[in-house]
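Hello,

Here is the structure I said I would pass on. My notes on it come after the file.

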Amino acid sequence: MRPSVRPALGSVIDAGLSPSISDASLRNHPLAIWVETRLGVVWSDVDQRWVRARPLTVTEAVAALSEDSDRATDVCRSALRNLLLISALPEAERTGSAQANVRSFFAFKLHQFISGAGHAFSTLEVQGRRTVTVEGQQFLPGDPEKRLYPTHFCRDCGHEYHPVRFALDDKGLRVFFARDIDDAAPIRPDDDDEDAGDDEDNADDREIFGFLTPHASDAAFTFDDREEDYPETWIEFDAAGNPRLKRHYRGARARSVMVSPTGKVGSGTRAWFLPGKFRFCLRCGAAQGGAARDRNRLASLSAEGRSSATTVLVGSALRWMHGSNSGLSPFTRKLLGFTDNRQDAALQSGHFNDFLFVSLIRAGFLGALEIAGAKGLRSEELGSSQQKALGFDRPSPELRAEWLLEPELRGFNLQEAESTLRQVLSYRVWFDQRRGWRYTNPNLEQLGLVEVDYLGLDDLSADQTLFADAPPVLRDASPQVRAAVYRELLDHLRKWMAIRSQVLDATVIEQCWRSRTAAFAFHGDSGLMRSLAEPDGS
Ligand SMILES: [Zn+2]
């Protein structure tokens with residue numbers, strides 16, 4: 001066994017490392033030996049051989065080096081960094097010598113582990129005074145009286161909701177306990193939308209699952225537990241014509257509470273407790289139906305999964321790699337991914353392709369709108385303007401290969417393919433406006449980048465003669481109110497795809513699907529397209 005390099009570490013750290021050091025010198029360099037035998041491999045007495053060392057973070061490695069070398073951590077950090085950066089280059093690049101080794105010095109690589117942002121947690125105090133952290137713990141460090149609650153957000157307006165359990169503590173007091181959003185009430189499934197807990201349930205010791213949300217003090221937050229504050233579908237009218245909550249929803253009625261940072265009820269911050277599943281947002285009124293889980297009804301800090309994160313990181317690495325400042329030769333601009341699972345690999349590559357496709361389509365649409373300027377685009381112009389914005393009208397073979405299976409098509413066949421392409425591009429614009437379509441990748445309208453309006457709507461609403469025979473509520477309304485009502489209705493129909501457009505016609509979709517000339521046609525979600533094209537498709 002070699003003598004320890006420890007006594008020599010301090011002086012070589014002080015001396016620094018030459019960027020043109022040879023492999024032969026590195027082999028005898030105390031710091032390189034230390035890195036190899038502390039970070040790279042360790043001797044296993046059991047196996048009587050060198051085995052891979054347990055991975056360390058850079059900070060742990062720096063602390064170990066500081067202890068072994070008796071030098072300050074910042075000095076050790078830069079020495080370690082220099083050594084790893086210099087030795088990562090092949091000797092040939094370090095020394096510029098043609099006879100030198102062309103492989104990097106060490107056999108191991110630096111790894112970076114990237115994990116999601118996790119959840120946000122917050123104390124139950126007023127905005128501005130509460131503590132918000134991403135460190136999930138039961139109590140606030142340094143103030144163990146205060147509880148921390150996981151925080152989720154309305155997907156439409158961002159108002160915050162804490163999943164809680166309202167239960168007795170060990171002293172028999174009612175307390176809001178934090179819970180995971182996926183935890184459901186243990187015994188009675190009283191939270192189905194079919195049966196929203198129609199009992200008032202005043203059994204004081206029963207544990208109630210639900211959501212707690214602060215009563216915001218800004219003027220836009222108007223919820224005050226009046227009947228009209230609830231979704232329309234929750235309301236019925238009694239014999240006297242007064243609105244009231246349907247029996248079915250009474251158990252889900254919001255309860256006004258004063259809650260302290262300890263979770264105890266009675267004093268503190270004003271908040272609302274919503275028993276059961278998350279059903280609607282007190283701030284914006286967005287109502288949630290269907291069978292979605294609460295986790296999907298509400299957003300959290302990192303709404304995206306690992307696939308989205310990987311796609312974005314890979315995309316950013318590729319962009320950097322192909323940028324003018326990367327310093328990498330075109331030949332080495334490659335990125336390898338490893339996975340231990342074939343399904344994961346398929347999912348990830350599918351996700352990546354889909355992400356690129358959606359980004360490209362949306363970029364094409366935005367580009368087309370930019371060219372159109374203030375007058376915008378009419379629905380019948382969607383296809384051709386996007387074709388131009390994407391450059392897919394140009395005769396270059398490389399561009400044609402982007403969307404054509406057979407880039408050499410000519411004449412009539414090419415015209416047919418272009419016509420299909422325009423239909424598909426136009427179809428995609430409509431398709432992308434669907435409600436609840438992509439949670440983690442909201443569409444251009446949701447992002448406020450695109451506005452949809454209806455031609456002639458204001459004129460129609462202002463034309464009194466058209467409303468002469470209309471129901472009084474419409475006849476007597478002002479043109480502005482009528483226009484607002486129609487806009488709401490048309491938006492709703494549009495987002496649920498209840499629209500008539502040539503490109504949404506089942507026969508046209510079917511034709512596009514059959515047309516194998518346009519590679520672009522059904523890339524991404526061919527299954528969906530087919531099901532839309534089939535009369536009995538869902
Ligand atoms: Zn909301």
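The notes below go from the whole chain to the cores, then to one serine and the salt bridges.

Please keep in mind that this is a predicted model.

Overall. The chain has 538 residues, of which 36% are buried. Its secondary structure amounts to 18 helices and 15 strands. Among contacts with a separation of 6 or more, 59% are between residues 24 or more positions apart. The exposed area of the chain is about 32300 Å², and 53% of that is supplied by carbon and sulfur atoms.

Nonpolar cores. The largest nonpolar core has 23 residues. The members that touch the most other members are Leu 31, Trp 34, Val 35, Leu 65, Leu 80 and Leu 83. At least two residues of this core come from each of helix 1, helix 3 (30-40), helix 4 and helix 5 (73-88). Helix 5 gives the largest share, with six residues. Another core lies apart from this one and has 21 residues, including Ala 216, Trp 272, Cys 281 and Leu 298.

Ser 87. Helix 5 also holds Ser 87. Is this serine buried or exposed? Ser 87 counts as buried because its relative accessibility is 1%, and the cut-off for buried is under 20%. Its side chain reaches the backbone oxygen of Leu 84 at 3.4 Å. Leaving aside residues up to four places away in sequence, Ser 87 touches Leu 26, Arg 94, Ser 104, Phe 105 and Phe 106.

Salt bridges. The structure holds 25 of them. Three pairs and one network are described here.

Arg 6 and Asp 68 form a salt bridge through their side chains, at 3.8 Å from N to O. Arg 6 belongs to helix 1 (residues 6-15) and Asp 68 to helix 4 (residues 58-69), so the pair links distant parts of the chain, 62 residues apart. The two partners fall into separate classes of accessibility: Arg 6 is partly exposed at 43%, whereas Asp 68 is buried at 11%.

Arg 283 and Asp 218 also form a salt bridge, with 2.8 Å between the closest N and O atoms. Here both partners are in loops: Arg 283 in the one between strand 14 (269-275) and helix 8 (294-297), and Asp 218 in the one between strand 10 (208-214) and strand 11 (235-237). The pair is 65 residues apart and again links distant parts of the chain. Arg 283 is partly exposed, with a relative accessible area of 24%, and Asp 218 is partly exposed as well, at 31%.

The third pair is Arg 487 and Asp 458, whose side chains meet in a salt bridge at 3.6 Å, N to O. Which parts of the chain does this pair tie together? Arg 487 lies in helix 16 (residues 479-495) and Asp 458 in helix 14 (residues 457-462), so the bridge ties together parts 29 residues apart in sequence. Arg 487 counts as partly exposed at 24% relative accessibility, and Asp 458 is partly exposed with a relative accessible area of 46%.

Finally, Asp 180, Asp 182, Arg 293 and Arg 295 are joined into one network by salt bridges that share partners.

Regards

Methods:
Residues numbered from 1 in each chain as written. Predicted model: local features only at pLDDT ≥ 70, side-chain atom pairs only at ≥ 80, totals over all residues. Heavy atoms only, no water. Salt bridge = Lys/Arg side-chain N within 4 Å of Asp/Glu carboxyl O. Helix = DSSP H or I, 4+ residues; strand = E, 2+ residues; numbered from the N terminus. Buried < 20%, exposed > 50% of the residue type's maximum accessible area, 1.4 Å probe, protein only. Contact = heavy atoms within 4.5 Å. Areas by Shrake-Rupley, 256 points an atom, 1.4 Å probe, with all protein chains shown as cover. Core = buried A, V, L, I, M, F, W, Y, C linked by side-chain atoms within 4.5 Å. Polar contact = N/O pair within 3.5 Å; in protein donor to acceptor, adjacent residues only side chain to side chain.
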